[in-house]
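Colleague: I am new to this structure and would like a friendly tour. Could you show me the model?

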Amino acid sequence: MGFPEYLHDLSRLEAALQACLDMQEDMPAQPEQKMLNPSLLILELQWQGLTGLVDSSGKKDLSPVHGPETVLVWLDPLKNLARAQPADERILLALKIVAENLHMGNTALEHKIPVANLHRIVDQAVAKGLVLAPESGLKRNPAIFIPLEKTFERFLHPRVFTLQWHITQSCDLNCKHCYDRTSRREMSFDSALQVLDHLEEFCRTKKVRAKVTFTGGNPLLYSHFDQLYLETVKRGFPVNILGNPASRQRLERLLEIQTPSMYQVSLEGLREYNDFVRQQGYFDKVMNFLPLLRELGIPSQVMLTLTRDNMDQVLPLGELLRDRADTFTFNRLSAVGQGADLLMPAPEDYRSFLKEYIQETANNPVLGLKDNLINIIRDENEDKPFGGCTGFGCGAGFNFATLLCDGEVHACRKFPSYMGNIFNEGLLNSYDSKAGIRYRDGSAACRQCKLLPACGGCQAVIFSLGLDPSLDRDPYCFYSLAP
């Protein structure tokens, strides 16, 4: 029996895998910035499918096909194993971005690729170990957030920081649950550029990347929005927009710059109740706007502020949004500002609602998960935890902060949670302030709960019910702590 024709390439692949294993002692402990894995080898082979023959999972493809294939071989620093996989265009682009230190914003604009997509492929390369990244400087207090189960460890070190930027107070609505209708001067464009400088400094220091969520008021009413939108993308920050319906022409002006990562609008229930809370005719305006977002390729999300009066409308509204929005989810009312005049649901009713909502997510893909307390039900069902409100439980002052148009930095927009002023203390010092630490440490009442890293309840709800977010448990929590 003769030797297979692919034997030479297979020998090269096996030799490369061994060479990677021999580099175990030479791997850097912690890089200062993103870098290619020094063990990475790129092989140009003349046979396709050879990686299946060396796959340690045992799923071996014994039928290589003649034809060129680029294969990546590297030492996975997390598993300490040599790995090999065919290279695709996305992975090669990620490696090029890191190797050549390409600027994300300029690259995205030059090639008309959403900047979020570029970050995503680099993140995937980091997850595989092809790219090594410094440890995130956003860390929970290890004396408080001690994950009792390994599955919760991933909620302790976010790599992305979200700045929710209320760029203007101007709004074409006057919603009955609005958290802040106070008069604040619109931020000048020069000041807005300073904010972007502060955010870049924050990312360099904390070894993270950031995304910007523009809101208001209605952010599109900001006098220099298109200029600021362009400058934000240029800095390499993906942009979400939380606003109101806009015309096709207005959206197309944004698309000429870059497609937003997400455009969120709000509905507060079915037509009659929604228009009572927001504005007559607003329900139909949103329902007509969502197909336009889909037509233009803009990811959409619908948000609802949950009260006692609209809780029974959430699932029916979800049915109406099934084929119109990409995601529909809700936040519990924080009874501050004008929202103090609305009623919150009874805790026992809310618990029943959550269970019904979770069941319905299996039948309606538009229903998203957001409230941290959903993790209680997932735990009861022996499902893995999810990230809750910000992807890391209550992210107030942790992987999330709010910036108001006068420069005030708050841990969360849904309740007064002042940490500093970006023009006085800067973003870094505001984040690291005593107030910032207090908000990200959360409630002392949750310290012994295993769900804490992915939950922490809602500090805004705690505050709005006259309690202390640093001491008291979310009154809606129904998790039984072990004695």
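Modeller: Gladly, beginning with a definition: accessible areas come from the Shrake-Rupley method with a 1.4 Å probe, and for residues only the protein chains shown count as cover. This is a predicted model, in which local features need pLDDT of at least 70, side-chain atom pairs count only at pLDDT 80 or more, and totals for chains, interfaces and linings use all residues. Residues are numbered from 1 along each chain as its sequence is written, and side-chain values use heavy atoms, with hydrogens and water left out.

Colleague: How much area does the protein expose, and what share of it do carbon and sulfur atoms supply?

Modeller: The exposed area of the protein is about 22,200 Å². Of that area, carbon and sulfur atoms supply 50%.

Colleague: Which value does the radius of gyration of the protein take?

Modeller: The radius is taken over C-alpha atoms, and the globule rule is 2.2 Å times the number of residues to the power 0.38. For 483 residues that rule gives 23 Å, and the protein comes close to it, so it is as compact as a globular protein of that length. Its radius of gyration is 25 Å.

Colleague: What percentage of the residues is buried?

Modeller: Buried means under 20% relative accessible area, exposed over 50%, and partly exposed in between (1.4 Å probe, protein chains only). Among the 483 residues of the protein, the buried ones make up 54%.

Colleague: Where on helix H2 do its buried residues lie?

Modeller: Helices (H or I, at least four residues) and strands (E, at least two) are DSSP runs, numbered from the N terminus. In H2 the buried residues are Ile 91, Ala 94, Leu 95, Ile 97 and Val 98. They cover an arc (that of the directions from the helix axis to the C-beta atoms) of only 160° around the axis, which puts them on the same side of H2.

Colleague: Which exposed residues does the face of H2 turned away from its buried side carry?

Modeller: An α-helix has 3.6 residues a turn, so residues three or four places apart point the same way. On the face of H2 turned away from the buried side, the exposed residues are Glu 89 and Ala 99.

Colleague: Which helices do the buried residues of H3 pack against?

Modeller: Helix H3 spans residues 104–111, and its buried residues are Met 104, Gly 105, Thr 107 and Ala 108. Their arc around the axis is only 165°, which puts them on the same side of H3. With contact meaning heavy atoms within 4.5 Å, they pack against helices H2 (89–99), H4 (115–128) and H6 (225–234).
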